[in-house]
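Welcome, and please load the model in your viewer with selections cleared. We will go from stop to stop, picking residues as we go.

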Amino acid sequence: MSPKSGTPKKNLMLFSGGAHKELAEEVAKHLNVTITPQTAHTFANGELFVRFEESVRGTDAFVIQAHTTPINEYVMEQLIMVDALKRASAKRITVVMPFYPYARQDKKHKGREPISARLIADLFKTAGADRIMTVDLHTAQIQGFFDGPVDHLMAQSVLADHIKDTYGEADITVVSPDSGRVRLAEKWAQQLGDRPIAFIHKTRDPDKPNQAVANRVVGKVEGKLCVLIDDMIDTGGTIVKATEALLEQGAADVVIACTHGILSDPATERLSQCKAREVIVTNSLPIPDEKRFSGLTVLSIAPMLAEAIQQVFEDGSVTSLFDGAA
């Protein structure tokens, strides 16, 4: 008996968790799709329930979730969504997490500590995820924790374009907040037109999270507009101390550029009172009105996410979106 031929048709379906509906809606608009409707509620004891209201059989499913406070609840919601898709026979499930949760716990500093970033990857693989799409990981090696393709998108181009448009004529030095991000500073410097770089030599006590001491500036910053880059701002202590160190060394001005604006208290107060000219973040995480201040600029990564999703759906090249750097 000869096999029966068919013409399978690919369908892209977009799903959104409850953490950042605005970003998901913006991505959907760029993709010219609608977010698949779902029923979601929480039981009295805190358990989460999700059911999709349309058939997902054979679909190429993309599940967007922003991992903000309460982060554990939103991680669990996305895991449940992935499990529901797997059990409903989705053909491929891509987890879109602009901010990778627990990324700072990517290695052991001392004995008897977890590597929670690896645990997150294991959880999503077990739930049924085939692929992960994320933006500006805390450390690039986290990609190796997931047993499958990982699309590591770079928000640098979004942030750098804003810097060039706003401060392109200034005498810029790109500054890394620590020695570990010097290579990233070099990429920034090249994109901004072969600018010089500097970095802050700092120490951190692993027993005291969210606390760092800025020691000294390595590199020439006197009279320069310093573009201080980082992947995330949590409580703002590190970046504010780095700003103070640069100004003490004679920097003409400081602009802070960061991908993930976590902005845990008291970050808003610290940043609004520091002497940086502008603080630039993306909307990878929701930033409510009470966390915003006059010097804050929020740039959208929705077009970048939408283009990457389109490339994955069409079996194209995500790397080509970043000039081969992703």
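Begin where domain 1 meets domain 2: about 1,100 Å² is buried between them, with 55% of it on carbon and sulfur atoms. Buried area here is the accessible area (1.4 Å probe) that two parts lose on being put together, summed over both. This is a predicted model, in which local features need pLDDT of at least 70 and side-chain atom pairs count only at pLDDT 80 or more, while totals for chains, interfaces and linings use all residues. Residues are numbered from 1 along each chain as its sequence is written, and side-chain values use heavy atoms, with hydrogens and water left out.

To colour the two parts, select 12-107 + 115-153 + 303-318 for domain 1 and 156-285 for domain 2; these bounds come from an automatic or database domain assignment. Their centres, taken over C-alpha atoms, are 29 Å apart. The contact (heavy atoms within 4.5 Å) draws 13 residues from domain 1 and 12 residues from domain 2.

Next, show F99, R104 and D136 as sticks. In domain 1 these lose the most area to domain 2, together 46% of what that side buries.

Stay on R104 and add D234: the two form a salt bridge, with the closest N and O atoms 2.9 Å apart. A salt bridge means a side-chain nitrogen of Lys or Arg within 4 Å of a carboxyl oxygen of Asp or Glu. The count between domain 1 and domain 2 is 1 salt bridge.

What is the class make-up of the domain 1 side that touches domain 2? That side has 6 nonpolar, 4 polar and 3 charged residues, where Ala, Val, Leu, Ile, Met, Phe, Trp, Tyr, Cys and Pro count as nonpolar, Asp, Glu, Lys and Arg as charged, and the others, Gly among them, as polar.

Now look for enclosed space by selecting Y100, A121, I132, T134, L137, I142, Q143, F146 and V150, which line the largest cavity. On a 1 Å grid over the protein atoms alone, a cavity is a set of points where a 1.4 Å probe fits but cannot get out, and a pocket is an open set with protein on both sides within 12 Å along at least five of seven lines; lining residues have an atom within 4 Å of a point. The cavity holds about 40 Å³ of space, and its lining divides into 7 nonpolar, 2 polar and no charged residues.

For the last stop, select P8, K9, K10, N11, G58, T59, D60, K91, R92 and D315, the lining of the second largest pocket. By class, this lining has 1 nonpolar, 3 polar and 6 charged residues.

Conventions
Grid points are joined across faces, edges and corners, and a volume is the space filled by probe spheres set on the points.
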